[in-house]
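Work through the exercises below with the model open beside you. Try each task before reading its solution.

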Amino acid sequence: MSYFIAAISNEGGAPEQAYRKMQAAGACPEKPFAEMFKFEVPSLTVGTLDTLMTLSDDLVKTDQIVEGIVRKIIGTSADLFEGKRVDHSVGGVPPARYIQQFAWDSAKYPNRRPLKELVGLISGGAAGIEEELKQLTASFADKQASLQEAKRKQGGNLMQADLNDVLTEDIMSSVNVVDSEYLKTVFIAVAKGSKESFLKTVETLGSDLVGYGGPDWSSDGSKLGKAVSFGSKVDRHQVRGSPVVPGSLQQVHSDEDSILYVVTILKGQYEAGYYEGDQFQPGTKIDFEEEFAQACREKRYMVRDFKWDSTQASKSAMAREQLQVEVDGMKSALMRWCKTHYGDAFVAWMHIKVIRVFVESVLRYGLPVDFTAVLYKVHPGKDTDLMNALDKALGSGSADEDLGDEAEEEYHDFVLLKFEP
């Protein structure tokens, strides 16, 4: 639905004469292109000509910004209501009725304030609405993402599902889980297509991680039990191997896509301290867990960061239910917010348009302020007909006349604003 706001000079005559002229131009039986309504523009503070000219340019941008905020609220509402019809209202009435019965809100926007200050007040309020909308939608999106992630873990395969939701006590009762100072059982998810390769190579995964070297007693048994080279003088990594404990592999569970195994690995290795002269260099602990997980990832096996907790499944279910409750609550609150603040943003938008009509009319028709404005509710498909009729009746003949290709925007011999709420 399109609306035109048009304003012409009274030229010293009565406003009713201008009103009848504009009615005859495009909202009469001979030219039934629109329905016309009186559009009351309050007496605003004029200020200086320079101020009005600067404000005129700024108002176009402000109008677009505030309209964008209105559109964002409409878009958010459409997403929340999932395509269902949303009946927005402005001050308790439909937007169309508000436009057609528009009255300046002097309590909210005192019309005797300087125009620049008044525009700042209106646009500042609209910007506050936009910022609040950004924060609310961001919070809602984050909460939705958390819920989707929880559902993904619940319904995904063994590569990504929350294993506490998948593994029952009966399954875990037959699994030997070790977690000591030096040994740890890790859970590895393997795609079914990689099963054979995994079974053949599992005990060689990370084959360069662990140093199994030490004093070579086989070459000189006479020193067995006696002091030998140690610390930095012994290369423990002259013999390397995998941290996987041989024979520890066990299948735990499987689904349509993947298989879950457990295997016990060496957690780490202690490199002995040593003396450099009289200074002792303390030993260090080398951790194998992350490097082993990386070696598995290179083969497309997934080491799951998992610790069995028999109560975790119910906790996860409760957490998902709580997330769903929170998402539903935030959605309902955001729906109410959109319905409430749509009206506030729409009111701001219409008041900006009224100021635009006032400023453009004063700049075009001069002082004292003496013009009449009307609102046209354009009949479907009659936009061009109405435009041509107004140009012919109120202007010199046609839009953009004599401007050629240099016209950056539509020009008319009268003030005209077009919009679609």
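The exercises go from the whole chain to sheets, rings and single residues.

**Before you start**

This is a predicted model: local features need pLDDT of at least 70, side-chain atom pairs count only at pLDDT 80 or more, and totals for chains, interfaces and linings use all residues. Residues are numbered from 1 along each chain as its sequence is written, and side-chain values use heavy atoms, with hydrogens and water left out.

**Exercise 1. The whole chain**

Task: Find how many helices and strands the protein chain has, and what share of its residues is buried.

Solution:
- Step 1. Take the DSSP runs, numbered from the N terminus: helices are H or I with at least four residues, strands are E with at least two. The protein chain has 10 helices and 16 strands.
- Step 2. Apply the burial classes: buried is under 20% relative accessible area, exposed is over 50%, partly exposed is in between (1.4 Å probe, protein chains only). Of the 421 residues, 37% are buried.
- Step 3. Turn to the contacts, meaning heavy atoms within 4.5 Å. Among contacts with a separation of 6 or more, 78% join residues 24 or more positions apart.

**Exercise 2. The sheet with strand 1**

Task: Give the strand order of the open sheet that holds strand 1, and explain why strand 4 and strand 16 are its edges.

Solution:
- Step 1. Use the pairing rule: two strands pair if DSSP finds at least two bridges between them. The 4 strands run in the order 4-15-1-16, with antiparallel pairing.
- Step 2. Look at the ends. Strand 4 (34–38) and strand 16 (415–419) each have a single partner strand, so one side of each has no neighbour in the sheet.
- Step 3. Find the turn between strands. Axes are lines fitted to C-alpha atoms, for helices over the stretch in contact, and angles run from 0 to 180 degrees between N-to-C directions. Neighbouring strands here are turned by 20° against each other on average, direction ignored.
- Step 4. Zoom in on one pair. Strand 1 (residues 3–9) and strand 15 (residues 371–378) are antiparallel over 7 bridges. A7 faces A373 in strand 15.
- Step 5. Add the helices. Helix 10 (residues 383–394) packs on the sheet and touches strand 1, strand 4, strand 15 and strand 16. Its direction makes about 0° with that of strand 1. Helix 1 (residues 15–26) lies across strand 1, strand 4 and strand 15, at about 25° to strand 15.

**Exercise 3. The sheet with strand 9**

Task: Describe the open sheet that holds strand 9, then the link from strand 8 to strand 9.

Solution:
- Step 1. Write the order. It is 8-9-5-14, a sheet of 4 strands with antiparallel pairing.
- Step 2. Mark the edges. Strand 8 and strand 14 each have a single partner strand, so each is left with one side lacking a neighbour in the sheet.
- Step 3. Note the turn. Neighbouring strands are turned by 35° against each other on average, direction ignored.
- Step 4. Add the helix. Helix 8 (residues 289–298) packs on the sheet, touching strand 5 (183–191), strand 9 and strand 14.
- Step 5. Trace the link. Strand 8 (residues 250–254) and strand 9 (residues 258–266) pair over 4 bridges. A hairpin joins them through 3 residues. S254 stands opposite I259, and Q251 has Y261 as its bridge partner.

**Exercise 4. A pair of rings**

Task: Classify the pair Y98 and F346, and say what the pair ties together.

Solution:
- Step 1. Set the rule. Rings of Phe, Tyr and Trp (its six-membered ring) pair if their centres lie within 6.5 Å; planes under 30 degrees apart are stacked, over 60 edge-to-face, the rest tilted. The structure holds 11 aromatic pairs.
- Step 2. Apply it. The centres of Y98 and F346 are 6.1 Å apart and the planes stand at 75°, so this pair is edge-to-face.
- Step 3. Place the residues. Y98 is in helix 3 (residues 95–100) and F346 in helix 9 (residues 312–365), so the pair ties together parts 248 residues apart in sequence.
- Step 4. Check burial. Y98 is buried at 14% relative accessibility, and F346 is buried at 0%.

**Exercise 5. Two residues**

Task: Decide whether V262 and K307 are buried or exposed.

Solution:
- Step 1. V262 lies in strand 9. Its relative accessible area is 1%, so V262 is buried.
- Step 2. K307 lies in the loop between strand 14 (302–304) and helix 9. Its relative accessible area is 68%, so K307 is exposed.
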